[in-house]
Amino acid sequence: MSEMMVIGDFAALSRLSHKALCLYADKGLLEPAHVDPDTRVRHYLPDQLRRARLITLLRAVGMPLGLIGTVLSADGERAAELVGDYWRTHDREHRARRPLVSQVQDALRGRTTDTYLIEERETGEQKVVFVQGHVTAEGLPEFLRAATEELFGHLRAGGGCPSGPVFAVYHGLVDQDGDGPVQVCVPTDGPVEPAGRVGLRVEPAHRQAYTELRKGQGAYATVAGAFDAVASWLHGRGLRPSASAREIYYPNWSHAGPDEHVMDVAVPFAAAV
């Protein structure tokens with residue numbers, strides 16, 4: 001106990017506020033070495049300063065707390081690799097946001113953007129199996145992957161197979177704060193029944209406005225810009241959405257090069273009333 005520091009002294013040496021130390025303790029990142037049972041004063045050991053400094057540096061890099069916990073739990077070499085992986089991903093996402101910045105500036109100046117080519121097409125009625133869930137942007141890729149695997153497994157078990165591209169319907173905004181809901185759908189012509197969280201419905205025929213995206217445009221910011229461009233295109237022509245916006249994924253997604261067409265952003269529409 002003689003080596004321990006009360007939270008005020010530890011805060012001064014680590015340059016972390018009491019609020020930050022309490023947050024990191026609640027997240028399991030930097031828990032006190034001892035909490036006095038009577039006064040509830042928190043005490044820390046000197047060797048915890050290194051962990052505190054690492055958390056400060058990783059937060060300065062921009063790393064979220066959840067990933068910081070993973071990094072601190074890994075050994076030295078693996079932890080360094082995780083930081084490198086995070087920065088490469090962060091750097092790609094940052095570069096992907098550049099076109100969106102120009103799009104926002106155009107919108108503020110009252111200009112239309114020509115970043116995306118918007119086209120129209122007819123889509124026929126489809127029977128689809130689906131899984132629906134609430135998820136933010138951070139968890140979206142894993143949800144899409146897991147739901148697609150579950151749906152393919154359900155079709156195989158029932159003797160069915162896909163009859164068209166997988167698509168995800170966004171019934172609400174998915175971003176850092178909004179969690180959908182999102183419905184992942186697989187069209188099928190085969191015999192299939194709903195089971196568990198796998199539902200079955202008919203997607204009605206409709207006309208849709210859409211834009212094609214390449215593999216290199218698959219970042220969240222680029223896709224968000226595409227949704228906005230399609231919505232703006234509809235509004236400018238006096239058209240209104242008749243169903244929720246969706247992303248349509250083509251089978252070449254996993255092995256496509258950066259310039260290959262892998263997905264569409266689409267919005268069903270009807271004439272304005």
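This briefing describes helix packing, salt bridges and a few individual residues in one protein structure. The model is predicted, and a search of the whole structure finds 11 salt bridges in it. Among the features described below are the packing of helix α1 with helix α3, a network of salt bridges that links E120, E122 and R207, and a cis peptide bond between G180 and P181.

**How α1 packs with α3**

- Two packed helices are described by the angle between their axes and the distance between the axes.
- Helix α1, which covers residues 7–14, packs with helix α3, which covers residues 49–61, at an angle of about 50°, and the two axes are 10 Å apart. This angle makes α1 oblique to α3, because an angle counts as oblique when it is outside the ranges for roughly parallel (under 35 degrees), roughly antiparallel (over 145) and roughly perpendicular (65 to 115).
- The crossing in which α1 passes α3 is right-handed.
- On the α1 side the contact is made by F10, L13 and S14, which meet L49, A52 and T56 on the α3 side. Sorted by type, the residues of this contact comprise 4 nonpolar and 2 polar ones, with no charged residue.

**Salt bridges between strands**

- E120 forms a salt bridge with R207, and the closest N and O atoms of this pair are 2.9 Å apart. The two partners come from distant parts of the chain, since E120 is in strand β4 (residues 119–123) and R207 is in strand β9 (residues 206–214), 87 residues apart.
- E120 has a relative accessible area of 37% and is therefore partly exposed, and R207, at 30% relative accessibility, also counts as partly exposed, because the partly exposed class lies between the buried class, under 20%, and the exposed class, over 50%.
- E120 and R207 also belong to a network of salt bridges in which they are linked with E122.
- Strand β4 takes part in another salt bridge through R121, whose partner D264 lies in strand β12 (residues 261–271), so that this pair ties together parts of the chain that are 143 residues apart in sequence. The closest N and O atoms of D264 and R121 are 3.0 Å apart.
- The partners in this bridge fall into two classes of accessibility, for D264 counts as buried at 0% relative accessibility, whereas R121 counts as partly exposed at 21%.

**Helix α7: a salt bridge and a buried residue**

- Within helix α7, which covers residues 140–157, R145 and E149 are 4 residues apart, and this spacing is about one turn of the helix. These two residues form a salt bridge, with their closest N and O atoms 2.9 Å apart.
- Both partners are partly exposed, R145 with a relative accessible area of 39% and E149 with a relative accessible area of 48%.
- T148 is also found in helix α7, but T148 counts as buried, because its relative accessibility is 17% and the buried class is under 20%.
- If the neighbours within four places in sequence are left aside, T148 is in contact with V166 and V184.

**Residues in loops**

- E138 lies in the loop between strand β5 (126–133) and helix α7, and at 71% relative accessibility E138 counts as exposed. In sequence E138 and D177 are 39 residues apart, while in space their C-alpha atoms are 9.6 Å apart.
- The peptide bond that joins G180 and P181 is cis, with an omega of about 10°. P181 is placed in the loop between strand β6 (166–170) and strand β7 (182–187).
- R15 is in the loop between helix α1 and helix α2 (18–26). Its phi is near 65°, which is a positive value in a residue other than glycine, and R15 counts as exposed at 71% relative accessibility.
- R40, found in the loop between strand β2 (34–35) and strand β3 (42–44), likewise has a positive phi, of about 65°, although it is not a glycine. With a relative accessible area of 56%, R40 is exposed, because the exposed class is over 50%.

Note on methods. Residues are numbered from 1 along each chain as its sequence is written. This is a predicted model: local features need pLDDT of at least 70, side-chain atom pairs count only at pLDDT 80 or more; totals for chains, interfaces and linings use all residues. Side-chain values use heavy atoms; hydrogens and water are left out. Axes are lines fitted to C-alpha atoms, for helices over the stretch in contact, and angles run from 0 to 180 degrees between N-to-C directions. Helices (H or I, at least four residues) and strands (E, at least two) are DSSP runs, numbered from the N terminus. A crossing is left-handed if the near helix is turned anticlockwise from the far one by less than a right angle, and right-handed if clockwise. Contact means heavy atoms within 4.5 Å. Ala, Val, Leu, Ile, Met, Phe, Trp, Tyr, Cys and Pro count as nonpolar, Asp, Glu, Lys and Arg as charged, and the others, Gly among them, as polar. A salt bridge is a side-chain nitrogen of Lys or Arg within 4 Å of a carboxyl oxygen of Asp or Glu. Buried means under 20% relative accessible area, exposed over 50%, partly exposed in between (1.4 Å probe, protein chains only).
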